[in-house]
Amino acid sequence: MQVKRNAIQDLIRWKTDDDRKPMVLKGARQTGKTWLMKEFGKTCYEKYVYFNFDEEEELKSIFKTNKNPQRILELLSLIAGEKILPEKTLVIFDEIQECPEALNALKYFREKANEYHVIAAGSLLGTLLAQPKSYPVGMVNLLNIRPLTFDEFLQATDESLYQYYCTIEKGQAIETLFHDRLMDAYNCYLIIGGMPECVASWIRHRDPARVSQIQRELIEIYENDFSKHNGRINSGRILMVFRSIVAQLAKPNEKFMYGAVREGARAREFEEAIEWLVSAGMLNRVYNVSKMEHPLAAFDKLDAFKLFVFDTGLLKHMAGIDNSAILLQNDYQFKGPLTENYVLQQLCGQFEAPPRYFADCSGEIDFVLQNGTEIIPVEVKGDEDKSAPAFKRYVNEHQPAHAIRFSKRGYLKNGLITNMPLYLAGKLRSLL
């Protein structure tokens, strides 16, 4: 069973774009970047050539001694054993972070050999790209590769239900039979998450214990990455922040507190560690805004934010939630944060501006979205509960064009508030 990824569409658009630059894929390790590049090469080009800087040491010398892209391509052709043709051969550089000269060479491809299609990826590239000196700013296209979204998961695990999901339009009543099946699929996604290896294992074996084992191993790989990280940021602090996330989200207001990482901890000790984790694609940061007005970024409170894990299945594993709690719809501890993490994961990348949240002394609104100049308040409920005083007060006072509540209830508009089932979070923008 092949998993289909929406990002292939982004890459096809890139391929045909006249202003195309070399493409760099970034995102956490194990989110499927290598597979995606090869699949794209296989399906959209006559052929592709693949170079891995982690496995082939001698590749690095080519980039260390040459700045001319024609010469580089000549040498790469010799290594690959076939001629690299403009527009017909996709050139793939994997684990490019192992060779900064190759990353830098992308600008020469852009300037002097843009008829060649070049795509690159690597783990922890985000942390490298966050340092302005280390890569050709403005000379590459960037694409974020995240774990599978709910719709990608659904397509991989239940094709016929996915076909129904694709037909859901704005304001459409969803038949109880399909609503129940989609809620089951949603619960399943909370457990499995979107890591390609977990989804593939689930399709093959339908064994939650195996998925859990893979999730445990993935977390070990990531924690190992932190300890191997040898920059100026203390790797122990990166690990402490990462391990504190479950406790941070379990607090009543979920706001990140440095004191919850270590007693008496100060912001300046852990700021860089947080920055590193966010750049690496491991955590999603959501800022509190002082005003719900356009443009949201102007009202970010930089010292007030929440941190969520980039994959809900991994967060579920880190929190040690038993599968039965999710499947039997009990009101288990941590249901709220897990549901919010899921919704955020589906919202990431849908709108131009990243989601924010709003909190003051009178209450909290889970997410605030910016769509064009419109501001959309979003409330997230892990069950069918409708109480949300701050959200309702805002809606009554400001009468926004859209106000969204995600919950387990059906798809219906109730006054100014539209209730959307949780499984539609990934379709929000198209349903507005």
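In this predicted model, P295 sits in the loop that links β6 (283-289) to β7 (300-309). The peptide bond leading from H294 into P295 is cis, and its omega is near -5°. Most residues other than glycine have a negative phi, and most peptide bonds are trans, so a cis bond is a feature to look at when browsing the backbone.

Two further backbone features are found in loops. E254 belongs to the loop between α12 (235-250) and α13 (267-279), and its phi is near 65°, a positive value in a residue other than glycine. With a relative accessible area of 7%, E254 is buried. F334 has a positive phi as well, near 80°, and is likewise a residue other than glycine. Its place is the loop between α15 (323-327) and α16. F334 is buried too, at a relative accessible area of 11%.

Turning to the helices, α7 (residues 150-157) is mostly covered, with eight of its eight residues buried. These buried residues are F150, D151, E152, F153, L154, Q155, A156 and T157. Which elements help to cover the buried residues of α7? The cover includes α1 (7-16), α8 (159-167), α9 (176-192), α10 (196-205) and α16 (335-347).

A helix pair comes next. Helix α11 (residues 208-228) packs against helix α14 (residues 312-319) at an angle of about 90°, and the two axes are 10 Å apart. Because angles of 65 to 115 degrees count as roughly perpendicular, α11 is described as roughly perpendicular to α14. On the α11 side, the contact is made by S212, Q215, R216, L218, I219 and Y222, while α14 contributes G313, L314, H317 and M318. Sorted by class, the contact of α11 with α14 has five nonpolar, four polar and one charged residues.

Helix α11 also holds I214, which is buried with a relative accessible area of 11%. Setting aside neighbours within four places in sequence, I214 is in contact with E197, C198 and S201. A view along the chain can be added here: I214 and K392 are 178 residues apart in sequence, and their C-alpha atoms are separated by 41 Å.

One contact partner of I214, C198, leads naturally to the cysteines. How many disulfides does a search of the whole structure find? The search finds zero. C188 is in no disulfide, and the nearest cysteine sulfur, that of C198, is 12 Å away. Likewise, C198 is in no disulfide, with the sulfur of C188 as its nearest cysteine sulfur at 12 Å. Since a disulfide is a pair of cysteine sulfur atoms within 2.5 Å, the 12 Å between the sulfurs of C188 and C198 rules this pair out. As for accessibility, C188 counts as buried at 17%, and C198 is buried with a relative accessible area of 0%.

Among the strands, β3 (residues 89-94) includes T89. Is T89 buried or exposed? At 1% relative accessibility, T89 counts as buried. The side chain of T89 reaches the backbone nitrogen of L85 at 2.9 Å. Not counting residues up to four places away in sequence, T89 touches Y45, K47, Y48, V49, K83, I84 and H117.

Strand β8 (residues 356-360) supplies another example, D360. Here the relative accessibility is 38%, so D360 counts as partly exposed. The side chains of D360 and S362 are joined by a polar contact of 2.7 Å. In sequence D360 and N288 are 72 residues apart, yet from C-alpha to C-alpha the two are 9.3 Å apart in space. N288 falls within the residue range of β6 (283-289), the strand that precedes the loop of P295.

Note on methods: Residues are numbered from 1 along each chain as its sequence is written. This is a predicted model: local features need pLDDT of at least 70, side-chain atom pairs count only at pLDDT 80 or more; totals for chains, interfaces and linings use all residues. Side-chain values use heavy atoms; hydrogens and water are left out. Buried means under 20% relative accessible area, exposed over 50%, partly exposed in between (1.4 Å probe, protein chains only). Helices (H or I, at least four residues) and strands (E, at least two) are DSSP runs, numbered from the N terminus. A polar contact is a pair of N or O atoms within 3.5 Å; within protein, one must be able to donate a hydrogen and the other to accept it, and residues adjacent in sequence count only if both atoms are side-chain atoms. Axes are lines fitted to C-alpha atoms, for helices over the stretch in contact, and angles run from 0 to 180 degrees between N-to-C directions. Angles under 35 degrees count as roughly parallel, over 145 as roughly antiparallel, 65 to 115 as roughly perpendicular and the rest as oblique. Contact means heavy atoms within 4.5 Å. Ala, Val, Leu, Ile, Met, Phe, Trp, Tyr, Cys and Pro count as nonpolar, Asp, Glu, Lys and Arg as charged, and the others, Gly among them, as polar.
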